[in-house]
Amino acid sequence: MRCRVCNAENITEVVDLGKQPLANKYPKNKLQILKEKKFNLKIMFCKKCKAGQIKKIINRNVLFEDYYYLSSVNLKLKQHFEKLAKKIKKYNFVVDIGSNDGILLDPLKKLKVKCIGVDPSKNVGKIANDRGLETFIGFFDKKITKSILKKYDKPDLVVASSVITHLENPKEFAKNIKNFLEKDGTLIIEIEYLQNFLKNLEYERFYFDRPYYYSANSIKTLFKKVGMQLYDIEKINIHGGSLRCYIKNSLNHKETIRCKKILSDEKEKLNLKAFSNFNRDIFKNSKMLREKLINLKNEGYNVIGYGCPARVSTITNVSKINSSLIKYIIDDSPLKQNRFTPGTHIKILPRKGNLNKKIDIVIVFAYEYFQDIKKFFKDKKVNFFKPIPFGKL
Ligand SMILES: [Zn+2]
């Protein structure tokens with residue numbers, strides 16, 4: 001198989017997570033459970049540009065037509081975008097790609113920055129438009145850039161946070177950005193960082209919604225091919241450690257020192273050997289999680305989960321955990337409540353009315369938000385655990 005980022009031949013299979021369902025499709029009843037499909041989830045790695053990618057890409061229309069992820073429900077993410085808005089307020093016209101429910105548009109608008117969003121999800125895009133945050137609904141393709149440029153001038157800044165991981169064809173995306181941006185315009189891309197997946201054993205960040213897992217080198221390669229230059233990188237702490245990449249719409253911009261350092265660090269550490277260790281640890285730790293939950297059950301403890309992001313699907317399907325081991329999972333997003341986890345069919349319930357029962361152990365799937373989650377249980381004697389690697393919080 002060829003690398004879909006740099007075209008190198010014979011990229012290597014590095015992780016095989018077996019049959020997996022679509023991680024953001026939460027079935028709501030028996031019929032939907034029966035209709036659920038599973039596909040082989042295999043991760044490939046390109047030694048040349050250092051991009052990770054899924055072997056089989058699922059049609060994007062199937063994935064994003066109705067979507068259950070509302071950014072603004074997530075307080076930490078909201079703060080992240082408020083800070084970013086302040087940082088970019090000097091720009092004249094900002095286009096946010098993958099704008100979701102307007103999580104960046106809202107603070108930008110409050111700072112009086114002209115901005116619009118683009119989002120493929122009809123139900124989520126409508127929420128933004130209803131809030132008065134103009135959102136073009138559709139994938140970021142040639143067609144949508146034409147309809148935007150009919151109404152507006154070219155933007156001097158495009159933001160795409162957690163977007164390019166989801167694309168089917170990143171090369172096409174890069175080309176469209178190149179033509180859409182003003183001549184000296186800037187692109188800010190935020191990516192979950194492949195190197196941190198390995199460092200923190202976060203294999204749960206692999207799922208079909210996201211066929212690409214980027215490194216700084218792969219971003220550099222992708223945009224260089226269309227005449228754009230990665231020149232600066234900031235390490236940011238969302239999504240388990242991400243990179244914020246600054247890319248100019250022309251070549252020959254000097255790379256900053258921190259940018260150079262990240263690029264060369266990857267050349268040394270992000271390789272097949274690292275993936276081989278990663279693969280070994282994934283299966284060791286998935287097995288351990290399952291065994292721990294069986295032990296807790298045998299000892300008579302009541303175990304529930306907290307937070308049902310997409311990773312729950314990958315973790316529970318790899319570890320083969322169903323409602324016999326985790327009774328239910330609490331999630332604060334109304335779009336997920338009273339549905340089931342993909343593939344393993346653990347019931348997802350709202351917080352209200354479901355904290356009063358006898359709970360001994362909480363597996364915190366949304367572990368980034370543990371400090372907030374802990375507060376909901378403050379009067380109760382509960383022990384908290386992180387699922388992978390399994391450990392007390
Ligand atoms: Zn490549």
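The cover over the buried residues of helix α12 in this predicted model includes strand β1 (12–20), helix α11 (272–298) and strand β13 (328–330). There is plenty to cover: Arg311, Val312, Ser313, Thr314, Ile315, Thr316, Asn317, Val318 and Ser319 are buried. That is nine of the nine residues in the helix (residues 311–319), so α12 is largely enclosed by the rest of the structure. Just past the end of α12 comes Lys320, with a positive phi of about 55 degrees.

Helix α11 turns up on both sides of this story. Among the elements that cover α12 is α11, and α12 in turn is listed with β1 and β12 in what covers the buried residues of α11. Those buried residues of α11 are Ile282, Ser286, Leu289 and Leu293. In general, residues three or four places apart in an α-helix point the same way, because there are 3.6 residues to a turn. As for length, the 27 residues of α11 should span 39 Å at 1.5 Å a residue, and the C-alpha atoms at its two ends are indeed 39 Å apart, so the expected and computed spans agree. After α11 comes Gly300, which also has a positive phi, in this case near 85 degrees.

Two of the strands just mentioned, β12 and β13, sit in an open sheet of six strands. Read across, the order is β14-β13-β12-β15-β16-β17, with mixed pairing. The edges are taken by β14 (347–349) and β17 (391–392); each has a single partner strand, so one side of each has no neighbour in the sheet. Further in, β12 (residues 303–306) runs parallel to β13, and two bridges join them. Here Gly305 faces Ile329 of β13 across the pair.

Strand β1, which helps cover both α12 and α11, belongs to another open sheet, this one with four strands in the order β1-β2-β3-β9 and antiparallel pairing. Its edge strands are β1 and β9 (212–213), each of which pairs on one side only. Strand β3 (residues 52–54) is joined to β9 by two bridges, and the two run antiparallel. Within that pair, Gly52 has Tyr213 of β9 as its bridge partner.

On the domain level, the chain splits into domain 1 (64–273) and domain 2 (300–392). Their C-alpha centres are 30 Å apart. Where the domains meet, 12 residues of domain 1 are in contact with 14 residues of domain 2. The domain 1 side of that meeting is made up of eight nonpolar and four charged residues, with no polar ones.

Zooming out, the protein chain holds 13 helices and 17 strands. Its C-alpha atoms fit in a box of roughly 65 × 50 × 40 Å along the principal axes. A compact globule of 393 residues would have a radius of gyration near 21 Å, and the chain comes in at 21 Å, so the two agree. Buried residues account for 43% of the 393. Of the contacts with a separation of 6 or more, 67% are between residues 24 or more positions apart.

Conventions
Residues numbered from 1 in each chain as written. Predicted model: local features only at pLDDT ≥ 70, side-chain atom pairs only at ≥ 80, totals over all residues. Rg over C-alpha atoms; globule rule 2.2 N^0.38 Å. Buried ≥ 20, exposed ≤ 12 C-beta atoms within 10 Å, placed from the backbone. Contact = placed C-beta atoms within 7 Å. Domains from an automatic or database assignment. Nonpolar A, V, L, I, M, F, W, Y, C, P; charged D, E, K, R; others polar. Pairing = 2+ DSSP bridges. Expected span 1.5 Å × (residues − 1).
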